[in-house]
Structure formats: C-alpha cells, structure tokens
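Here are a few exercises to work through with the model open beside you. Try each task before reading its solution.

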Amino acid sequence: MRAAMRLVFALAAVLLALLPLTSAADFFYNDVTGVAQWEEPEHSVAYEDDEGKKYWFDRETDESVWEFPGKWAEVHSEEHGQAYFFNKDTKESTWDKPEEIAWRRVVNKDEM
C-alpha cells in the first residue's frame, strides 16, 4: 500500500510539473502528502542549485543553509545505500520522509 501511495504522489508531482500554468508564479508541492499550493508552506522549502544540490532558506537567520533548518535531518546510510531521516529533538529515525521536509518549489518552466 505504501509503495502504491508513493507512486501516486510521484505521478502527481510529474503531472503538476507538466501542466501549463497561466501565471508566472511558482507553486509548492509536498512529496509525502501530495498537496500542491500557491502559498509558501510554514516549513522551509527545498531549493536546488545549478548542480542539483538541495538547500533551504532558514527564516530564523535569513540565510541559505545546506541542511534542513528544522528538527529533521536527512542522513545517508552507507550500509543500506539510501537516505533515512533523523529527528534531532526526539532521536527518532525513520525511512519515511517526514511531511515537514518534503516540500519543494515547482518552477514554471515557461517563464525561465
């Protein structure tokens, strides 16, 4: 069931990215919940630099940072060859991406 939900969310993200937007505005998409919205989410949104490396804007310091500025950290497992997520406050770890870290900006490519 979880794999089917991930597939649905991934397909929704692709479809949303391909839809022609009538506005020059970018929108925001959550890869976990499947929510798309025009308003910037309350949690930090991942950006990508020209080489595809993710970074975030930390609203508390007004600086760009390479690590998510919230309580979750994305950590690569050498043993399993994939990322897992670690909560710095509760010390919980999970393979499932938390909603807070799953927001991304979808760029209107027609305006680039």
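**Exercise 1.** Is Lys54 buried, partly exposed or exposed, and which residue does its side chain meet in a salt bridge?

*Solution.* Start with accessibility: Lys54 has a relative accessibility of 31%, so it counts as partly exposed, since that class lies between 20% and 50%. Keep in mind that this is a predicted model. Next, look for a partner: the side chain of Lys54 forms a salt bridge with that of Glu74, at 3.7 Å from N to O. Finally, place the two residues: Lys54 belongs to strand β4 and Glu74 to strand β6 (residues 72-77), so the bridge ties together parts 20 residues apart in sequence. Glu74 is itself partly exposed, at 39%.

**Exercise 2.** Find the salt bridge between Arg59 and Glu40, and work out which parts of the chain the pair ties together.

*Solution.* Begin with the distance: the two side chains meet at 3.2 Å, N to O. Then locate them: Arg59 is in the loop between β4 (54-58) and β5 (63-65), while Glu40 is in the loop between β2 and β3, so the pair joins parts 19 residues apart in sequence. Both ends are partly exposed, Arg59 at 37% and Glu40 at 43%. The count for the model comes to four salt bridges.

**Exercise 3.** Which residues line the largest cavity, and how do they divide by character?

*Solution.* First, the volume of this cavity is about 30 Å³. Its lining consists of Glu40, Ser44, Val45, Tyr47, Phe57 and Arg59. Sorting them gives three nonpolar, one polar and two charged residues. Glu40 and Arg59, both in the lining, are the salt-bridge partners from the previous exercise.

**Exercise 4.** Is Pro41 buried or exposed, and which residues distant in sequence does it touch?

*Solution.* Locate Pro41 in the loop between β2 (36-37) and β3 (46-48). Its relative accessibility is 4%, so Pro41 counts as buried. Setting aside residues up to four places away in sequence, Pro41 touches Phe28, Arg59 and Trp103.

**Exercise 5.** Which residues make up the largest nonpolar core, and what does Phe68 contact?

*Solution.* The core has six residues: Ala46, Trp56, Phe68, Trp72, Phe85 and Ile101. Now take Phe68 and leave out neighbours within four places in sequence: its contacts are Ser44, Trp56, Lys88, Glu100 and Ile101. One of these contacts, Glu100, also forms a salt bridge with Lys71, with the closest N and O atoms 3.8 Å apart. That pair links the loop between β5 and β6 to the loop between β8 (93-94) and β9 (103-106), 29 residues apart.

Terms used
Residues are numbered from 1 along each chain as its sequence is written. This is a predicted model: local features need pLDDT of at least 70, side-chain atom pairs count only at pLDDT 80 or more; totals for chains, interfaces and linings use all residues. Side-chain values use heavy atoms; hydrogens and water are left out. A nonpolar core is a set of buried Ala, Val, Leu, Ile, Met, Phe, Trp, Tyr and Cys residues joined through side-chain atoms within 4.5 Å. Buried means under 20% relative accessible area, exposed over 50%, partly exposed in between (1.4 Å probe, protein chains only). Contact means heavy atoms within 4.5 Å. On a 1 Å grid over the protein atoms alone, a cavity is a set of points where a 1.4 Å probe fits but cannot get out, and a pocket is an open set with protein on both sides within 12 Å along at least five of seven lines; lining residues have an atom within 4 Å of a point. Grid points are joined across faces, edges and corners, and a volume is the space filled by probe spheres set on the points. Ala, Val, Leu, Ile, Met, Phe, Trp, Tyr, Cys and Pro count as nonpolar, Asp, Glu, Lys and Arg as charged, and the others, Gly among them, as polar. Helices (H or I, at least four residues) and strands (E, at least two) are DSSP runs, numbered from the N terminus.
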